[in-house]
Amino acid sequence: MTTDDLTVRSIELRRVRLPLVAPFRTSFSTQTERDLLLLRVETDAGEGWGECVAGDDPLYSSEYVDACADVLRRFLIPALGAYRDGAGIRSAVDVGQALAPVKGHRMAKAALEMAVLDAELRAAGRPLSRELGSVVDRVPSGVSVGIQDSIPQLLDVVDGYLAEGYVRIKLKIEPGWDVEPVRAVRERFGDDVPLQVDANTAYTLRDARHLARLDPFDLLLIEQPLEEEDVLGHAELARRIRTPVCLDESIVSAQTAAAAITLGACSIINIKPGRVGGYLEARRIHDLAVAHGVAVWCGGMLETGIGRAANAALAALPGFTLPGDISASGRFYARDITEPFVLDDGHIAVPTGPGLGVTPVPDVLDEVTTGVERIAFGRAPRA
């Protein structure tokens, strides 16, 4: 980072609730709305925004939004103020070290780092994309298609997204909804459509022979077929099927990424900054993957425009050679809390303004806000 020492004055925790334009079903849940936690950091030089990607329930990961708010309030925010014997952090690069004594809680940590990073870069007049090392001004946009009620409905949904210009289709799968939906999409739209599947840990290694039935469909990848801790199982599965194995939930840090690569558990990594503890760790994973010839792409967690802007900046790095889940705002929300991201010739523009390059629209933000709490440094946080 390049600014003078940063002084954090207070941090605001804001809960917002946004309805989805349509239910989004995966192998572990069906979502109809997003209960989100946003952070606003106030510094001596201005403000910065962060977004926590945790869901309502601990189903995708062990984190969930109420727990994130609690750990931020009770442990993480006080840790920032206590860093350096009470002098506090100097810049966003200090956040990881300041929070390291608290085990886990990477999504909460990532939201806090994002807000501090935004504040620091905004004050310096530097865009996040340039700070991370971007090489393009727009990124190819893929779309994630949830599990549907029927194959005809799935085909209609995919047809609509292709008509909008999305350059890659990802199908959520689970046992009983895998081979036939993929076959139907291939038969309807042909082999030229970049297609991949995401199991969200729904299978076991005993399903290897069944998953091999996906090999003839020339998929870009199969994402996280087995449980997140079963890295050895993924390595064995990768030897039994031709479809490239991509890890998502299993990768929570550069260290776990290095282990997975060494074991041969994946040839592709989905990098989700919230899952790995922040954008600085996400960049480390990117650099590691590039050094080992492993492709990476940027996954999505139904972010608002705040998180979407940061993801676009990350996906502009050179190692992101596959289209990510950075879709238009309208994929999930009829009205985003920032100015909407729109699809242009299958791509999303990388924000060029300072910091994240976006801020919430005040009237929209107020309308969807369900609660606000302000925590000042040097004072005991509220219970």
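This report covers model confidence, the nonpolar cores and a network of salt bridges in a predicted model.

**Confidence**

The average pLDDT over the chain is 95, and 97% of the residues reach at least 70. Residues 379–383 are an exception to be noted, with pLDDT under 50 throughout. For this stretch the model has seven contacts beyond four places in sequence. Where pLDDT is low, the predicted coordinates should not be read in detail.

**Nonpolar cores**

The largest nonpolar core holds 124 residues. Within this core, Leu171, Leu214 and Ile269 touch the most other members. Another core lies apart from the largest one and has six residues, including Leu221, Cys246, Ile268 and Ala295. In soluble globular proteins, nonpolar side chains tend to be buried together.

The surroundings of Leu171 can be listed in full. With neighbours within four places in sequence left aside, Leu171 is in contact with Val145, Leu154, Val158, Pro181, Val182, Val185, Leu195, Gln196, Val197 and Asp198.

**Salt bridges**

The whole structure has 30 salt bridges. One network of them links Glu12, Arg14, Arg40, Glu42, Glu47, Asp366 and Arg374. Three pairs from the network are tabulated below.

| Acidic residue | Basic residue | N to O distance |
|---|---|---|
| Asp366 | Arg14 | 3.9 Å |
| Glu42 | Arg40 | 2.7 Å |
| Glu47 | Arg40 | 3.0 Å |

The bridge between Asp366 and Arg14 joins distant parts of the chain, the two residues being 352 residues apart. Asp366 belongs to helix α13 (residues 362–368), while Arg14 belongs to strand β1 (residues 8–25). Asp366 has a relative accessible area of 51% and is therefore exposed, the cut-off being over 50%. Arg14, at a relative accessible area of 11%, is buried, since buried means under 20%.

Arg40 takes part in two of the tabulated bridges, with Glu42 and with Glu47. Its relative accessibility is 15%, so Arg40 counts as buried. Glu42 is buried as well. Glu47, in contrast, is partly exposed, because its relative accessible area is 29% and therefore falls between the cut-offs for buried and exposed.

Read together, the bridge of Glu42 with Arg40 has both partners buried. In the bridge of Glu47 with Arg40, a partly exposed acid meets a buried base. In the bridge of Asp366 with Arg14, an exposed acid meets a buried base.

How values were computed. Residues are numbered from 1 along each chain as its sequence is written. This is a predicted model: local features need pLDDT of at least 70, side-chain atom pairs count only at pLDDT 80 or more; totals for chains, interfaces and linings use all residues. Side-chain values use heavy atoms; hydrogens and water are left out. A nonpolar core is a set of buried Ala, Val, Leu, Ile, Met, Phe, Trp, Tyr and Cys residues joined through side-chain atoms within 4.5 Å. Buried means under 20% relative accessible area, exposed over 50%, partly exposed in between (1.4 Å probe, protein chains only). Contact means heavy atoms within 4.5 Å. pLDDT is the predictor's confidence in each residue, from 0 to 100. A salt bridge is a side-chain nitrogen of Lys or Arg within 4 Å of a carboxyl oxygen of Asp or Glu. Helices (H or I, at least four residues) and strands (E, at least two) are DSSP runs, numbered from the N terminus.
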